[in-house]
Amino acid sequence: AKEIGGNRTVFYNTEDTDRMNRRIAIEMGLRPALFLRQFHLSYQPIYRLSDGRLKGFEALIRWQHPELGLISPNEFIPIAEYNGLINPIGEWVLREACKMLKGMTTYGLNELTMSVNISPVQLQDASFVQTVWNILQEFGMSRQSLELDITEHSTMHSSKLSITAITQLRAGGVRIALDGFGAGFSSLHHLMDLPVHCLKLDKSYIRRIDLQSAERHVVEAIIGLMRKLGLEVVAEGVEYKEQYELLQKWGCHYVQGYLLGMPLDPTVIDMSMLASCVP
Ligand code: C2E
């Protein structure tokens, strides 16, 4: 319990206190984390369903906190968005992921793409688009090899600035994917107004498609519709062979998930894997 004056007392249970302490530790730790090189990226493979070949990777940030251990991006990214640190962190992610892809292209693998998650906060930053061009130029990368994963959230509630940024990036040749489609408030009407190449179907939809479920029909219909609209579809969270086979039957373009490959440390990605087909 804590006295807050005026004869008033606020009661905290230990769970609340633990949660608050953890939040404070994360907030304080985030500031020096970049400088102290506590972040690293994992890379999850994405495969093309038509021929089973590797399409590219999605870069996923990891934070090894000195006391709290490995912290999920689901926990620290919202805090970094809140305090603005997502801008330098996001720039570091972009640079690191582009450096990794550049390393792969030196093996002659020029067709691979790198997907990078972009926070709505980054899209609101007036210098973001220029930062992307600078990084691509720094590594001599083709613009089509970079795919920026944006969330529906960043396009629905956001200012004109984000839509302008997305439009400029797309016009400049970068690929844009709408991430987590189906997870929240998906509006097809809204989707058609967005300059995206690709839709990433959320794993919550994929989870149950191998059962006689409503999701099964919804996913099949979405894939059919997206194909008609000329958009590509990536299914996320593919864990079972049955899901893979159904997605293939329905004409889904790409798959990503533990069945095909976990997010990997860059040190374990080698040439044989890069040239390989679906494991
Ligand atoms: P996301 O973009 O939807 O990324 C996919 C998440 O699903 C990843 O979690 C990945 O490890 C996990 N995943 C992949 N395959 C499977 C599967 O078969 N089954 C299940 N259950 N999960 C699977 P992760 O790495 O913990 O990332 C969580 C979220 O954090 C990401 O969701 C993304 O929204 C965010 N995030 C990650 N890295 C970054 C980043 O660099 N910048 C920003 N702004 N957000 C990031």
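# Exercises on a predicted structure

In this predicted model, 20 residues surround the ligand, and the closest are Arg62, Asn117, Asp179, Glu239 and Tyr258. The exercises below begin with the ligand.

## Exercise 1: The ligand

Task. State which atoms of Ile61, Asn117 and Asp179 lie 3.1 Å, 3.0 Å and 3.0 Å from atoms of the ligand.

Solution.
- Step 1. Begin with Ile61: a polar atom of its backbone is 3.1 Å from a nitrogen atom of the ligand.
- Step 2. Turn to Asn117, where a polar side-chain atom lies 3.0 Å from a ligand oxygen atom.
- Step 3. For Asp179, the atom is an N or O atom in the side chain, 3.0 Å from an oxygen atom of the ligand.
- Step 4. Polar contacts need N or O atoms within 3.5 Å, and the distances are 3.1 Å for Ile61, 3.0 Å for Asn117 and 3.0 Å for Asp179.

## Exercise 2: The two largest pockets

Task. Describe the volume and the lining of the largest pocket, then do so for the second largest pocket.

Solution.
- Step 1. The volume of the largest pocket is about 1300 Å³.
- Step 2. Its lining consists of 43 residues, and those nearest the centre are Glu58, Leu60, Asn74, Asn117 and Asp179. Among the elements that give two or more residues to this lining are β4 (54-65), α3 (86-105) and β8 (175-181).
- Step 3. Sorted by class, the lining of the largest pocket holds 19 nonpolar, 14 polar and ten charged residues.
- Step 4. The second largest pocket contains about 160 Å³ of space. Its lining includes Arg48, Arg53, Leu54, Glu111 and Ser276.
- Step 5. Five nonpolar, three polar and three charged residues make up the lining of the second largest pocket.

## Exercise 3: Arg48

Task. Locate Arg48, classify its accessibility and list its contacts.

Solution.
- Step 1. Arg48 is found in strand β3.
- Step 2. Its relative accessibility is 25%, so Arg48 counts as partly exposed.
- Step 3. Leaving aside residues up to four places away in sequence, Arg48 touches Arg53, Leu54, Lys55, His253 and Tyr254.
- Step 4. The side chains of Arg48 and Asp51 make a polar contact at 3.5 Å.
- Step 5. Arg48 and Leu260 are 212 residues apart along the chain, while their C-alpha atoms are separated by 11 Å.

## Exercise 4: Two loop residues

Task. Decide whether Glu236 and Arg37 are buried or exposed, and describe the setting of each.

Solution.
- Step 1. The cut-offs are under 20% relative accessible area for buried and over 50% for exposed.
- Step 2. Glu236 has 11% relative accessibility and therefore counts as buried.
- Step 3. Glu236 belongs to the loop between β10 (232-235) and α11 (241-249). Beyond residues up to four places away in sequence, its contacts include Glu58, Asp179, Lys200 and Gln256.
- Step 4. Arg37 has 74% relative accessibility and therefore counts as exposed.
- Step 5. Arg37 lies in the loop that runs between α1 (14-33) and β3 (39-48). Its phi is near 55°, a positive value in a residue other than glycine.

## Exercise 5: Helix α5

Task. Identify the buried residues of helix α5 and the elements against which they pack.

Solution.
- Step 1. Within α5 (residues 128-138), the buried residues are Phe128, Val129, Thr131, Val132, Trp133, Ile135 and Leu136.
- Step 2. In an α-helix there are 3.6 residues a turn, so residues three or four places apart point the same way.
- Step 3. The buried residues of α5 pack against α3, α4, β7 and α7 (160-171).
- Step 4. Just after α5 comes Gly140, with a positive phi of about 60°.

Conventions:
Residues are numbered from 1 along each chain as its sequence is written. This is a predicted model: local features need pLDDT of at least 70, side-chain atom pairs count only at pLDDT 80 or more; totals for chains, interfaces and linings use all residues. Side-chain values use heavy atoms; hydrogens and water are left out. On a 1 Å grid over the protein atoms alone, a cavity is a set of points where a 1.4 Å probe fits but cannot get out, and a pocket is an open set with protein on both sides within 12 Å along at least five of seven lines; lining residues have an atom within 4 Å of a point. Grid points are joined across faces, edges and corners, and a volume is the space filled by probe spheres set on the points. Helices (H or I, at least four residues) and strands (E, at least two) are DSSP runs, numbered from the N terminus. Ala, Val, Leu, Ile, Met, Phe, Trp, Tyr, Cys and Pro count as nonpolar, Asp, Glu, Lys and Arg as charged, and the others, Gly among them, as polar. Buried means under 20% relative accessible area, exposed over 50%, partly exposed in between (1.4 Å probe, protein chains only). Contact means heavy atoms within 4.5 Å. A residue is near a molecule or strand if one of its heavy atoms lies within 4 Å of it. A polar contact is a pair of N or O atoms within 3.5 Å; within protein, one must be able to donate a hydrogen and the other to accept it, and residues adjacent in sequence count only if both atoms are side-chain atoms.
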